[in-house]
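Ready for a few exercises on a protein model? Take a look at the sequence and the structure first, and then work through the tasks at your own pace.

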Amino acid sequence: MRHLAPYQTGIWLAEYINLRCQLCAVYRSTPQAQLLQNPSSSNARLFSQNSLLAENASHPLSSNYLFSSNHPLSSDRSFSTSIRKRFNSRFSSGLLCASCHSSLTWLPKPFEVDIAAGMTLTIQAATYYDYPMRQAIKAFKRHEDMTKLPLLLHAIRQLPRPHGCHHDNSVIVAMPTTDERLIKRGFDPVSILAAYLSKHWDIPLWQGIRRVDDTVSQQGLSRAERLTNLDNAFALIEPPPVKRLLLFDDVATTGASLQALASTLSIYPVPTPNANNKYHLFAYALAHGSQL
Ligand SMILES: [Zn+2]
């Protein structure tokens with residue numbers, strides 16, 4: 001039995017009962033499968049050409065890879081995944097209308113940060129930290145405004161699963177929060193979003209790293225200040241179970257938090273030391289913010 005993601009009932013209501021777009025509330029929402037058949041964003045096409053992380057160079061946003069014959073999922077898992085995908089495509093009304101979807105920029109050009117000698121981390125965001133995503137993320141994080149979750153989930157669904165990564169060889173590492181922040185907020189927004197990314201990619205979450213710092217917020221700091229602020233910010237609870245680690249955060253501005261998380265992970269021995277004795281680290285964010 002699959003675990004339900006937090007607020008799953010509300011998402012089902014938004015997706016299967018409420019037929020209106022979650023952004024404009026005027027037009028009928030469009031099923032995700034139909035939006036994927038017509039990727040309208042120029043950046044989406046650019047991403048396809050670059051094919052950095054795309055699953056399928058000819059159509060990186062396609063979900064058909066789940067059914068490819070060489071996919072290493074077990075037959076039981078393939079069957080349940082297939083049923084779920086068919087159910088979704090048959091009954092889901094989607095979350096945004098085609099007009100609102102095409103008004104946003106999806107998959108901006110990925111950017112890179114250094115994490116160790118000879119190692120860089122590529123960060124791919126679903127969209128920019130701009131209207132309406134900025135307002136939605138703020139309302140969700142600061143006020144636990146669940147009415148914004150469908151829009152955020154729509155953005156998550158635009159992230160193509162990284163090439164070669166699947167349930168058995170990869171885990172998603174959500175940016176951990178401190179106990180103090182968790183108590184103050186009462187919930188952990190990034191872990192909720194990561195749970196939906198886990199469902200979208202069918203890749204499990206791994207929670208073997210925690211945040212040990214209680215530093216001030218990263219907001220308003222320069223890049224150098226952010227990095228200093230993050231020294232020794234993370235501690236491993238247990239070694240990663242696999243080599244492919246997909247880091248996830250809600251907003252990446254300079255990428256300093258993801259960079260520090262990746263640096264911490266990269267210094268630990270890999271689980272199966274063999275030919276390629278390194279972790280494969282990729283990073284994803286809901287939105288890429290510009291540094292003001
Ligand atoms: Zn709309």
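The exercises below go from the whole chain to its helices, its sheet and some single residues.

This is a predicted model, in which local features need pLDDT of at least 70 and side-chain atom pairs count only at pLDDT 80 or more, while totals for chains, interfaces and linings use all residues. Residues are numbered from 1 along each chain as its sequence is written.

**Exercise 1. The whole chain**

Task: Find how many helices and strands the protein chain has, and what percentage of its residues count as buried.

Solution:
- Step 1. Helices (H or I, at least four residues) and strands (E, at least two) are DSSP runs, numbered from the N terminus. The protein chain has 11 helices and 7 strands.
- Step 2. A residue is buried if 20 or more other C-beta atoms lie within 10 Å of its own, exposed if 12 or fewer, and partly exposed in between, with C-beta atoms placed from the backbone. By this count, 36% of the 292 residues are buried.
- Step 3. Two residues are in contact if their C-beta atoms, placed from the backbone, lie within 7 Å. Taking contacts between residues at least 6 apart in sequence, 73% join residues at least 24 apart.

**Exercise 2. Helix 7 and its surroundings**

Task: Work out how many residues of helix 7 are buried and which elements they pack against.

Solution:
- Step 1. Helix 7 covers residues 149-156, and 8 of its 8 residues are buried. Among them are L149, P150 and H154.
- Step 2. These buried residues pack against helix 1 (8-17), strand 2 (119-128), helix 6 (133-143), helix 9 (189-201) and strand 7 (280-288).

**Exercise 3. Two helix partners**

Task: Describe how helix 7 packs with helix 6 and with helix 9.

Solution:
- Step 1. Two packed helices are described by the angle between their axes and the distance between the axes. Here axes are lines fitted to C-alpha atoms, for helices over the stretch in contact, and angles run from 0 to 180 degrees between N-to-C directions.
- Step 2. Helix 6 and helix 7 pack at an angle of about 120°, and their axes are 9 Å apart. That makes helix 6 oblique to helix 7; angles under 35 degrees count as roughly parallel, over 145 as roughly antiparallel, 65 to 115 as roughly perpendicular and the rest as oblique.
- Step 3. On the helix 6 side, M133, A136, I137 and F140 meet L149, L151, L152 and A155 of helix 7. The residues of this contact divide into 8 nonpolar, no polar and no charged. (Ala, Val, Leu, Ile, Met, Phe, Trp, Tyr, Cys and Pro count as nonpolar, Asp, Glu, Lys and Arg as charged, and the others, Gly among them, as polar.)
- Step 4. The axes of helix 7 and helix 9 come within 10 Å and cross at roughly 45°, so these two helices are oblique to each other.
- Step 5. L152, L153 and I156 in helix 7 meet L193, Y196, L197 and H200 in helix 9. This contact divides into 6 nonpolar, 1 polar and no charged residues.

**Exercise 4. The sheet**

Task: Trace the order of the strands in the open sheet and find which strands stand at its edges.

Solution:
- Step 1. Two strands pair if DSSP finds at least two bridges between them. The open sheet has 5 strands in the order 1-2-7-6-3, with mixed pairing.
- Step 2. Strand 1 and strand 3 (170-174) stand at the edges, each with a single partner strand, so one side of each is left without a neighbour in the sheet. From one strand to the next, the twist averages 25°.
- Step 3. Strand 1 (residues 111-116) pairs with strand 2 in the antiparallel sense over 5 bridges, and F111 has I123 as its bridge partner.
- Step 4. Strand 2 and strand 7 pair in the parallel sense over 5 bridges; Q124 has Y284 as its bridge partner there.

**Exercise 5. Single residues**

Task: Is Q259 buried or exposed, and which residues does Q259 touch?

Solution:
- Step 1. Q259 is found in helix 11 (residues 256-266). Q259 is buried, with 24 other C-beta atoms within 10 Å.
- Step 2. Not counting residues up to four places away in sequence, Q259 touches V113, I115 and L121.
- Step 3. Q259 and I123 are 136 residues apart in sequence, yet 9.3 Å apart in space, C-alpha to C-alpha.
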